[in-house]
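Let's walk through this model together, from its sheets to its aromatic rings. Please have the sequence and the 3D view open as you read.

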Amino acid sequence: MGYCKLYKYLRQIKILMKIHKEGRRILFFTLLILLVLNLLLYNFNEENVTFNRIFSVVSAVLFLLILQFFRSPYRNLLLHEDLITAPADGKVVVIEEVEEPEYFKGKRKQISIFMSPINVHITRNPVSGIVKYFKYHPGNYFVAWHPKSSTQNERTTVVVESTAGPEVLFRQIAGAMARRIVWYVNEGDEVSQGEEFGFIKFGSRVDVFVPLDTEIKVELGQKTKGGQTVIAQLKTAPPTLFG
């Protein structure tokens with residue numbers, strides 16, 4: 001029985017410590033550089049033992065911080081065509097009616113989720129459907145809560161015609177720390193709700209734009225889990241869930 005418990009525990013650790021593919025190279029070179037620096041200090045700065053120990057502790061903390069940033073935890077995904085799930089872990093910072101100028105060129109409801117450095121930075125499809133539009137925009141690196149970040153920062157725009165019918169636009173936005181956006185979708189792709197569509201390295205936020213008759217299911221300040229938290233329900237006839 002003891003061996004069974006140990007096996008289950010090791011499997012849980014493996015799941016919890018799964019590292020996203022976008023972080024493996026960064027983690028390898030970070031670990032290599034830190035090891036070299038520490039070895040150099042212990043070989044050529046032997047007299048300053050206190051400094052060497054402090055540097056070793058700082059190195060370990062830095063590596064662990066980067067390690068947790070690139071973690072890829074297991075998720076039980078919520079799947080339903082009427083529901084829009086959170087595209088990322090984070091906190092809801094915007095719920096408002098806005099003019100969406102890039103694709104819809106009209107009014108839509110916007111839900112924005114801010115991703116802090118301690119959040120998982122995988123971005124997930126909020127709905128299932130067909131990618132009708134994709135565009136990458138190079139740009140600036142304003143802080144994520146800056147009003148101009150949605151239109152002037154580095155970003156990607158994805159529009160999916162959902163299986164429920166309405167089109168949903170979602171946008172990865174880089175911030176002051178995030179200097180690299182990665183995406184895995186192209187126009188014409190069929191995507192599934194909750195699957196990864198990209199990754200934002202070291203920061204930022206995701207905006208979701210939905211039809212005006214969409215029912216919002218979250219509040220400002222609410223914490224979200226990508227692929228699990230329901231943020232909105234599309235208007236369908238008849239509604240099939242939460243109707």
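Does Phe 104 count as buried or exposed? Phe 104 counts as buried, because its relative accessibility is 14%; buried means under 20% relative accessible area, exposed over 50% and partly exposed in between, with a 1.4 Å probe and protein chains only. Before going further, note that this is a predicted model, in which local features need pLDDT of at least 70 and side-chain atom pairs count only at pLDDT 80 or more, while totals for chains, interfaces and linings use all residues. Residues are numbered from 1 along each chain as its sequence is written, and side-chain values use heavy atoms, leaving out hydrogens and water.

Stay with Phe 104 for a moment. Tyr 103 and Phe 104 form an edge-to-face aromatic pair, 5.1 Å centre to centre with 80 degrees between the planes. Rings of Phe, Tyr and Trp (its six-membered ring) pair if their centres lie within 6.5 Å; planes under 30 degrees apart count as stacked, over 60 as edge-to-face and the rest as tilted. Tyr 103 is partly exposed, at 25% relative accessible area. Together with Tyr 133, these two residues, Tyr 103 and Phe 104, form one aromatic cluster. The charged end of Arg 108 sits over the ring of Phe 104, 4.0 Å from its centre; this label asks for NZ of Lys or CZ of Arg within 6 Å of the ring centre and within 35 degrees of the ring normal.

Now turn to the strands. An open sheet of eight strands follows the order β9-β5-β6-β7-β11-β3-β2-β13, with antiparallel pairing. Strands are DSSP runs of E with at least two residues, helices are runs of H or I with at least four, and both are numbered from the N terminus; two strands pair if DSSP finds at least two bridges between them. At the edges stand β9 (190-191) and β13 (223-224), each with a single partner strand, so one side of each has no neighbour in the sheet. Inside this order, β5 (residues 129-137) and β6 (residues 155-162) pair over eight bridges, and Val 131 stands opposite Val 160 in β6.

What fills the largest nonpolar core? It has 21 residues, of which Ile 84, Val 158, Val 168 and Ile 231 touch the most other members. Such a core is a set of buried Ala, Val, Leu, Ile, Met, Phe, Trp, Tyr and Cys residues joined through side-chain atoms within 4.5 Å. Elements giving two or more residues to this core include β3 (106-115), β7 (167-173) and β14 (230-233).

β14 also belongs to an open sheet of three strands, ordered β1-β14-β12 with antiparallel pairing. Three bridges join β1 to β14, and Leu 83 stands opposite Gln 233 in β14.

Strand β10 (residues 196-201) has five of its six residues buried. β10 pairs antiparallel with β8 (residues 180-183) over four bridges, and three bridges join β4 (residues 122-124) to β10. Phe 170 lies in β7 and Phe 197 in β10, and both of these residues are buried. Their ring centres are 4.9 Å apart and their planes at 65 degrees, so the pair is edge-to-face.

Finally, a UniProt annotation (unreviewed entry) places "transmembrane region" at residues 26-44 and 50-70; such annotations may be inferred rather than shown by experiment. In the model, residues 26-44 are 100% helix, and residues 50-70 are 95% helix.
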